[in-house]
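The following account leads the reader through one structure, from a single strand outward to its sheets and its ligand site.

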Amino acid sequence: MSRNICIEVSTLNKSFGEVKAVDGVSFDVYEGELFGFLGPNGAGKTTTINMLTGLARPDSGRLMVGGIDCSKSPKAAQHLIGVVPDESNLYPELTGFDNLCFCGGLYGMRSKARRHRAHELLELFGLSGAATRKFAGYSKGMKRRLVIAAGMMHRPRILFLDEPTTGIDVQSARHIRGMLGDLHRSGTTIFLTTHYIEEAERLCDRIAFIVGGSIVHVDSVHNLLQPVKGQEVMLLSVEDPQQLDLAAFAAAFPRFAMQLEGPRTIRVSALEKIAVAPLVRYLEMCGVEVSEARRKQLVLEDVFLKHTGLDVQIMQKETEKKRKR
Ligand SMILES: Nc1ncnc2c1ncn2[C@@H]1O[C@H](COP(=O)(O)OP(=O)(O)OP(=O)(O)O)[C@@H](O)[C@H]1O
């Protein structure tokens, strides 16, 4: 089945002085797709989104959005898209309702249509009760929900969201994810940057991994997960690792692969069910005490590590720290 391409990016480049923020990036996003853009801090995600949404100018490369060449007709392209930036772009002194109406006005919506849409979105985002309160007094999660609503005022065909769920309360994040799922099912094309790998796994059709300004891998979530499907992993925490002869341990269980994962953890992997008792017995016979045995479910996090060499937990902590500043 051939699918229509909605966003086309080819050999995109952008530098800031010596820093090559985006380095020859190419990818396509299909009509109606939820496309995830994943990478660590400083990978070039925001710079790419900024170029796609007309907030920054590429040094070179081609950008087509909804069949429109962004460098030739930036205004026409901007009418097709909604943008949810990583920082709030709304007015603190205006109420939630007035902020939405103001954004609708920027897209040329008439007063009645603006007001109707603003009420509809406030309801959808669970903010009706706060419609007449100033944006400045909203909680972080409420602010983020309103920023997303503002990006949707003119019912864009394509929605760009930069880290929409970072640094907010669990309930708001869940609300936003649910809303993105609904929007996706209704046919909107969504371009999402996130560092929450489970979020990407749950929501996205395809994912691009970007590191150091370059895309290192792009594929469907289904395909990305294939290599880890059916793989069993057991993590054994040991008390006295200096007693351990890993090569001898591996030789005793030739159908399993053994690896050290941290100073006190042995990772045992196999393409079959791993029985824990024989492993523990063997290690204890060698004088190595096992304090914990834990089955690990392999998920997209492991695939991300394989393609980028980056630990997801570290990446998430860094991003959350950055948001708090
Ligand atoms: N306006 C700017 N001036 C100078 N350097 C910039 C500017 N914007 C981005 N950079 C640099 O370009 C690189 C890519 O930054 P970008 O913000 O696109 O990354 P990111 O993947 O969005 O990171 P994060 O997850 O931290 O937001 C970084 O090295 C950053 O410091």
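In this predicted model, Ile 158, Phe 160 and Asp 162 point to one side of strand β7, whereas Leu 159 and Leu 161 point to the other, and all of them are buried. The strand, which covers residues 158-162, is accordingly mostly covered, with five of its five residues buried.

The neighbours of β7 can be taken in turn. Strand β6 (residues 81-84) runs parallel to β7 and is joined to it by four bridges; within this pairing, Val 84 stands opposite Leu 161. Helix α5, formed by residues 140-151, lies across β6 and β7 and runs at about 165° to β6. Strand β8 (residues 189-194) is likewise parallel to β7, and five bridges connect the two. Here Asp 162 has Thr 193 of β8 as its bridge partner. Between β7 and β8 the chain passes through helix α6 (residues 170-185), and this β-α-β crossover is right-handed.

Strand β8 also pairs with strand β3 (residues 34-38), again in parallel and through five bridges. Thr 193 of β8 is the bridge partner of Phe 37, and Thr 193 is also the partner of Asp 162 in β7.

These pairings belong to an open sheet of six strands in the order β6-β7-β8-β3-β9-β10, with mixed pairing. Strands β6 and β10 (214-220) stand at its edges with a single partner strand each, so one side of each has no neighbour in the sheet. On average, neighbouring strands of this sheet are turned by 15° against each other, direction ignored.

A further open sheet has four strands in the order β2-β1-β4-β5, and its pairing is antiparallel. Its edge strands are β2 and β5 (68-69), each of which pairs on one side only. Inside the sheet, strand β1 (residues 5-16) and strand β4 (residues 60-65) run antiparallel and are joined by five bridges. The bridge partner of Val 9 in β4 is Leu 63. Helix α1 packs on this sheet, where it touches β1, β2 and β4, and its direction makes about 120° with that of β1.

Why is α1 largely enclosed by the rest of the structure? Eight of the eight residues of α1 are buried, and the helix is therefore largely enclosed. The buried residues of α1 include Lys 45, Thr 46 and Thr 47, as well as Met 51 and Leu 52. Just after the helix, Gly 54 adopts a positive phi of about 85°.

Helix α1 leads to the ligand. With three residues, α1 gives the most to the shell around the ligand; β2 (19-30), α1 (45-52) and α12 (312-324) each supply at least two. Of the 13 residues around the ligand, those that come nearest are Phe 16, Ala 21, Asn 41, Thr 46 and Thr 47. Two of these names, Thr 46 and Thr 47, are among the buried residues of α1. By class, the shell comprises four nonpolar, seven polar and two charged residues.

Finally, the protein chain may be viewed as a whole. Its secondary structure comes to twelve helices and 14 strands, and its C-alpha trace spans about 80 × 45 × 45 Å along the principal axes. Of its 325 residues, 36% are buried. Among contacts in the chain with a separation of 6 or more, 69% are between residues 24 or more positions apart.

Key. Residues are numbered from 1 along each chain as its sequence is written. This is a predicted model: local features need pLDDT of at least 70, side-chain atom pairs count only at pLDDT 80 or more; totals for chains, interfaces and linings use all residues. A residue is buried if 20 or more other C-beta atoms lie within 10 Å of its own, exposed if 12 or fewer, and partly exposed in between; C-beta atoms are placed from the backbone. Two strands pair if DSSP finds at least two bridges between them. A crossover is right-handed if, with the strands pointing away from the viewer, the path from the first strand over the helix to the second runs clockwise. A residue is near a molecule or strand if its C-beta atom, placed from the backbone, lies within 6 Å of it. Ala, Val, Leu, Ile, Met, Phe, Trp, Tyr, Cys and Pro count as nonpolar, Asp, Glu, Lys and Arg as charged, and the others, Gly among them, as polar. Two residues are in contact if their C-beta atoms, placed from the backbone, lie within 7 Å. Axes are lines fitted to C-alpha atoms, for helices over the stretch in contact, and angles run from 0 to 180 degrees between N-to-C directions.
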